Structures are given as structure tokens and as C-alpha cells.
Amino acid sequence: MKKILFSDIDGTIAKDNLPITYKDQDAVKKLRAQGHYFSFCTGRNIQETKLVTPHFEYDYLVLNNGAMIVDQNDQVLYRKQIKNEIAKEILKESYQKYSYLNYTFFDGQQTYGYIDQKTCILTENGYQEIEGDFLEILDHTQDDIDIVCAFHPQEKLDEILEIQKKVNQKYPGIHATLNVVYLDITVDCTKGSGLKTLCSLLNQEMISYCIGDSYNDLDMFEKADHAYTFNRVEKQIKEKTEKQVDYVYEVINDMLEGE
């Protein structure tokens with residue numbers, strides 16, 4: 001039977017957009033060579049994820065906490081976006097109350113940021129300052145928005161949790177997910193729903209595995225047939241998984257045992 005591994009990115013298989021260990025890279029190649037699938041499952045948008053994918057073979061990307069799925073050829077298999085006017089309202093209200101926070105949004109082509117009170121765009125070299133006003137750029141955006149993100153420059157959570165509560169109470173169909181210190185705002189999807197959607201789209205009997213390291217991975221743990229996390233994470237996260245490891249390649253070794 002086919003098997004598929006869903007892997008979180010940051011702190012799981014990559015750090016600062018680079019592989020944590022070459023053994024993970026080799027194991028992913030071996031998994032795919034044996035006829036199985038590998039998919040990233042991340043809160044990142046596609047532009048952010050493309051900073052990591054050159055270092056790994058993969059079959060699918062589950063993006064924006066499950067709100068978008070593409071294959072290795074960037075063909076969109078599934079996508080749900082925040083309506084333009086709602087995304088603008090969320091960003092403007094949050095900015096007006098907490099102008100010292102950092103914000104980003106992705107319009108399907110480019111990630112724009114208000115980082116350390118500077119207007120930026122995401123490039124291959126990270127966020128680069130550009131001319132112009134962040135809110136004016138937002139106002140001129142006509143397309144629906146894939147994902148909105150808010151985070152504190154000093155990684156504090158009080159304001160972030162207030163925004164999360166307000167968004168989840170005020171906007172039906174919109175979901176704000178805390179990803180360590182980042183608040184990811186998308187349509188009402190999760191990594192777990194993204195996992196289930198992709199398995200359904202593949203339309204074949206399959207055993208699903210997943211690995212992650214944070215609270216936004218909990219729904220993924222619940223939806224997968226086999227859930228893994230790391231020995232280094234908090235007890236509450238470990239309790240939601242069946243096994244703990246130190247590296248992703250150990251999960252793949254388990255998947256391929258006996259083959």
C-alpha cells in the first residue's frame with residue numbers, strides 16, 4: 001500500500017531555510033524511490049516554501065495551514081482564499097490597534113510585509129525594504145488573499161492572542177492559528193484538513209504519516225494514521241503522538257521498515 005509523509009518545515013526538517021541534516025534529504029529521496037509520497041505541510045505560503053524546496057525532493061505542498069495544495073509542478077489542486085475586503089479589514093483593524101507589530105500578507109504572487117515599521121517584500125534573500133506605505137499597497141490589492149500573518153518583534157504573545165481571539169469570534173469561516181509566535185490567518189482550514197484533502201484528492205488507499213513540532217501541528221497529528229514529533233518538544237505535544245524521534249529520517253526508516 002502507498003504511504004505518504006506530511007512534514008512540517010520550520011524546526012522539523014529545515015532551519016533558516018536550510019536542511020537540518022543531509023540524512024533527511026537522503027531519506028526523502030529513498031522514500032520516493034520506493035514509490036511513496038512526500039509532502040510538506042506548512043503554515044508558509046508558496047513563495048516562502050519555495051525558499052526551502054530546492055533542497056528537497058517532494059511530491060506535494062500543503063500550504064497556508066491547509067488552505068492551498070499544489071503538486072511538484074505547481075499545479076493548484078485545492079485553494080481557498082480570504083475575501084479581499086475581509087483580509088483588508090483584519091489587517092487595518094489590527095494595525096490601527098497594534099502598529100508596533102509585524103504583519104505580512106500574500107496575494108498569490110508576492111508576500112508584502114510591515115516589518116520593524118518598514119514596508120518590505122519577500123525576496124530570495126529575505127525581507128527587503130521598499131518604497132511606499134504598507135497600508136496603501138494593501139488598499140491597491142485587488143485579488144483575494146491567501147494568508148495574513150501577525151507577530152511581535154520580540155516574540156511576545158499577549159497582543160497576538162488578542163488578535164487571534166477577535167478574528168475567530170468576528171469572522172465566520174476565517175481561522176487564526178497560532179504557530180509558535182506567529183499568528184496565521186486563513187480561511188477555516190488546518191494542517192489536518194489539508195492532509196485529509198490531499199489524501200482524498202489522490203483517491204487511492206494510503207497510509208498517512210506526519211511529523212511536526214508545534215501546537216499548530218496537533219490537528220495534523222489527529223488526522224494522520226501515524227503521528228510523530230520530537231523528543232525535544234513540550235510534553236503536551238508529545239502526548240498527541242504515538243512516537244518521538246530526533247530527526248525526520250527516523251520516521252522514514254519506520255515507514256520503509258521491511259521493504
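## What lines the pocket

The lining of the largest pocket is a mix: 16 nonpolar, 11 polar and 13 charged residues. This is a predicted model, and the pocket in it has a volume of about 1000 Å³. Of the 40 residues in that lining, the closest to the pocket's centre are Asp-10, Arg-44, Glu-48, Asn-179 and Tyr-182.

Which elements give two or more residues to this lining? They are strands E8 (102-106), E9 (111-115), E11 (126-129), E12 (147-151), E13 (174-179) and E14 (182-187). Strand E12 gives the most, with 4 residues.

## Two nonpolar cores

As a rule, nonpolar side chains in soluble globular proteins tend to be buried together. Here the largest nonpolar core has 49 residues, and Leu-5, Phe-6 and Phe-40 have the most contacts inside it. Helix H9 (residues 248-256) gives the most to this core, with 6 residues.

Take Leu-5 and look past its neighbours within four places in sequence. Leu-5 is in contact with Leu-31, and also with Tyr-37, Phe-38 and Ser-39. From further along the chain come Tyr-209, Cys-210 and Ile-211, and then Val-248, Val-251, Ile-252 and Met-255. Apart from this core lies another, of 29 residues, with Leu-91, Tyr-95, Leu-138 and Val-167 among them.

## Helix H3 and the second core

Leu-91 is found in helix H3, and so is Tyr-95, with H3 covering residues 84-97. In general, an α-helix has 3.6 residues a turn, so residues three or four places apart point the same way.

Is Leu-91 buried or exposed? Buried means under 20% relative accessible area, and Leu-91 comes in at 2%, so it counts as buried. Leaving out residues up to four places away in sequence, Leu-91 touches Tyr-103, Phe-105, Phe-134, Leu-138 and Val-148. Tyr-127 is 36 residues from Leu-91 in sequence, and their C-alpha atoms are 19 Å apart in space.

On the same sort of count, Tyr-95 touches Tyr-103, Tyr-114 and Leu-135. The C-alpha atoms of Tyr-95 and Ala-150 are separated by 9.5 Å, with their positions 55 residues apart along the chain.

## Helix H6

Does the length of H6 fall in line with, or depart from, what its residue count predicts? Helix H6 (residues 191-202) has 12 residues, which at 1.5 Å a residue should span 16 Å. The C-alpha atoms at its ends are 17 Å apart, so the two figures agree.

Much of the burial in H6 can be listed by name: Lys-191, Gly-192, Gly-194, Leu-195, Thr-197, Leu-198, Cys-199 and Leu-202 are buried. Right after H6 comes Asn-203, whose phi is positive, near 55°.

## Positive phi in two loops

Most residues other than glycine have a negative phi. Asp-116 has a positive value, near 50°, and is found in the loop between E9 and strand E10 (118-123). Val-180 also has a positive phi, near 60°, and its place is in the loop between E13 and E14.

## Two buried threonines

Thr-186 lies in strand E14. With a relative accessible area of 0%, Thr-186 is buried. Not counting residues up to four places away in sequence, Thr-186 touches Asn-64, Ala-67 and Ile-82, then Asp-146 and Ile-147, and finally Gly-173, Ile-174 and His-175.

Thr-229 sits in strand E16 (residues 226-230). Thr-229 is buried as well, with a relative accessible area of 0%. Setting aside its neighbours within four places, Thr-229 is in contact with Ile-211, Gly-212, Asp-213 and Phe-221 on the earlier side of the chain. On the later side, the contacts of Thr-229 are Ile-237, Lys-238, Thr-241, Lys-243, Gln-244 and Val-245. Asp-217 is 12 residues from Thr-229 along the chain, and their C-alpha atoms are separated by 9.3 Å.

## A glycine in a loop

Gly-108 is found in the loop between E8 and E9. Which residues does Gly-108 touch, not counting those up to four places away in sequence? They are Arg-79 and Asp-146. Phe-221 is another matter: Gly-108 and Phe-221 are 113 residues apart in sequence and 28 Å apart in space, C-alpha to C-alpha.

Key. Residues numbered from 1 in each chain as written. Predicted model: local features only at pLDDT ≥ 70, side-chain atom pairs only at ≥ 80, totals over all residues. Heavy atoms only, no water. 1 Å grid on protein atoms, 1.4 Å probe; cavity = no way out; pocket = protein on both sides within 12 Å on 5 of 7 lines; lining within 4 Å. Points joined across faces, edges and corners; volume = space filled by probe spheres on them. Nonpolar A, V, L, I, M, F, W, Y, C, P; charged D, E, K, R; others polar. Core = buried A, V, L, I, M, F, W, Y, C linked by side-chain atoms within 4.5 Å. Buried < 20%, exposed > 50% of the residue type's maximum accessible area, 1.4 Å probe, protein only. Contact = heavy atoms within 4.5 Å. Expected span 1.5 Å × (residues − 1).
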